[in-house]
Structure formats: C-alpha cells, structure tokens
Amino acid sequence: MKKDFNRFMSQLQETNQTLGFFCDFDKIANNVDDIKLSLCMLNSLVGAQDMRQAVETIWRRDKSAFNVMDILIAVRSEGKKKVLNSLNECVVLDSLFTSVDGVLEYLDNTGLTEVLQQQKVKDLVDYVFGIETGLDTNARKNRSGHVMEGMVARIFDNAGIDYRQEVYSREWPAITRVLGDDEKRFDFVVEGRNKTFLIEVNFYSGGGSKLNEVARAYSDIAPKINSVSGFEFVWITDGIGWRSAKNKLQEAYNIIPSIYNLTNISDFIQQVQ
C-alpha cells in the first residue's frame, strides 16, 4: 500500500486514556500499606493539645515511626530533599526526624501541628491514601506509553501474532555492530517468515521537544537496522501531539518505510501474517 502522510496524520487519535489510566490504585494501596503501622502510631497526634508530650510518647515507643512524616506534606525525600530549618540553615529534610525537637519543628513550621490539633485530618492512613493518589498523577506521563504498549499487545494477541517485549539489541551481534556503542531496547520483537521486526511504540497526546527528539532518533537508527539483512525497524506511534511536530514526523515518515498508527496497524499485521 502506498504511503500517504496526510492520511496518516488524519488518522491520529486524540487520546488512548481509558478510565483505568488515571490512578494505579494497587500501587497506591501498596505504598500506604508499607508505612501503615507507622501512620497508625502517628494517629495519636491527631487531636493532641500537648504536641510535645504526644511526640515524646511515640518517640519512647518507636522513634522510627517519624521517618515517614515527609509523605504528610506530599514529599518523597528519601534522604535527598533539602530545606531551610528554623535557623535558616540548609539541612536534609529527614534529619529533622532524628530528634523530638526536630519533629516538633517540622510539625510547627509545615503547619501540621495546627492541622492535627484541630483534627482537620481524622485518620492519617486515609489522609496518606489521598496524598498517594495525588502523587500518582505524576506517573501518568510514563503510564501513557505503557497503555499504548498494552493496546498494541492486545492487537497482536487478537491477530494471533507471536511477539516478545522489551528485548535488547545485544541479542543480535549484527544489530549491535550497526548501532555502535548505544544499546537499544525494543518494545516488541516479532519474528516474521523472512524478517525480524524490531518495533518501537509510543503515543503522544500533547506536544513538546521530546517528539522532535524521538523522530530524529528513529530516523537515525531505522536505516542502520534496515541495512542488516533479515531485519526491519518498525515504528507504531499515534496521538494528536504529533500535530505540533508535524514537520519532523514527516521527515521521519519519508525516511522510515514502516511507520504505522493504531488505525493502519492492520497493514503491518497483514505483512507479518
């Protein structure tokens, strides 16, 4: 079938997001479960009018419970986040959790003391579940790519096409030679009758400089892979984000023989079958 770039562009889909895209509640629940015991101990701070006494009581029982307090302000510090303390000194956030005075400084200066004493939060486990849900939105950018991979995998499954996922270029010495020092991981590998198809998959609902970089990178590696007998580079991409990088995509479209979207991927399947 003759390639038609304008037709390709007209087929691009607005989104690949299902309702399950927005929150990974299994991951959220696991994150909460990992620190649930500490949060339950910190629950004794809720409604405490003498905050120092409440902190000291927990400290005597298990001071490690305070190590999870960074999540109460929606931060994952892991010993790396730096802040200015009450003396205007630059310190690692977690260092405040190594003493009762440090914990009290953290509670007072973040505003948590007021929140807890006035019981604006009733249960820290539920509160952190909400925070984790909010933080999970940061993973959506990467999740979009995984959703696209899942869609392509289902298409292959329904078509009865055998494939492997996340395969590294080092598996084929000939491909390693043409790609040089840069090791490549392909999203899918499909073994055809006469060719091995090395496949990259992505979806862009919004624009950005990354689209130009991706198009440029694939335009570079595709001819190298296609120069090796028995191999072909395939790019399956979609999303109206490409409208903002139309010129760069068109350049790639003219360089890479096998570019498909979710609408015309059936052409690739026919080729494999």
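1. Let's start with the hairpin: β4 and β5 form one, with four residues between them. This is a predicted model, so read what follows in that light. Strand β4 covers residues 185-191 and runs antiparallel to β5, the two being joined by four bridges. If you want a spot to check on screen, take V189, whose bridge partner in β5 is L198.

2. Now the wider sheet. Five strands make it up, in the order β3-β4-β5-β6-β7; the sheet is open and its pairing is mixed. At the edges stand β3 (164-168) and β7, each with a single partner strand, so each has one side without a neighbour in the sheet.

3. On its other pairing, β5 (residues 196-203) runs parallel to β6, and eight bridges hold that register. Three pairs are handy for tracing it: L198 sits opposite F233, I199 has V234 as its bridge partner, and F203 is bridged to D238. Note that L198 turns up in both pairings of β5, facing V189 of β4 as well as F233 of β6.

4. How much of β5 is buried? Eight of its eight residues are, so the strand is largely enclosed by the rest of the structure. Split by face, T196, L198, E200 and N202 lie on one side, with F197, I199, V201 and F203 on the other, and both sides are covered. As a reminder, side chains in a regular strand alternate between the two faces of the sheet. Do look at E200 and N202, which are among the buried residues here.

5. The story for β6 (residues 231-238) reads much like a repeat: eight of its eight residues are buried. One side carries F231, F233, W235 and T237, and the other carries E232, V234, I236 and D238. Again both faces are covered, and E232 and D238 are among the buried residues.

6. Between these two strands comes helix α10 (residues 209-226), and β5, α10 and β6 together make a right-handed β-α-β unit. As for placement, α10 lies across β4, β5 and β6, and runs at about 155° to β6.

7. Moving to the edge, β6 also pairs with β7 (residues 259-260); the two run parallel and are joined by two bridges. Here I236 stands opposite Y260. The connection from β6 to β7 goes through helix α11 (residues 246-255), and this β-α-β crossover is right-handed too.

8. Last, a closer look at α11. Which of its residues are buried? They are K248, L249, A252 and Y253. Seen down the helix axis, the buried residues fall within an arc of 145°, so they line one face of α11. Their packing partners are α1 (5-10), α10, β6 and β7. On the face turned away from that buried side you'll find N247 and N254, both exposed.

Technical notes: Residues numbered from 1 in each chain as written. Predicted model: local features only at pLDDT ≥ 70, side-chain atom pairs only at ≥ 80, totals over all residues. Heavy atoms only, no water. Buried < 20%, exposed > 50% of the residue type's maximum accessible area, 1.4 Å probe, protein only. Pairing = 2+ DSSP bridges. Right-handed = clockwise from strand over helix to strand, strands pointing away. Contact = heavy atoms within 4.5 Å. Axes fitted to C-alpha atoms, helices over the stretch in contact; angles between N-to-C directions. Arc of directions from axis to C-beta.
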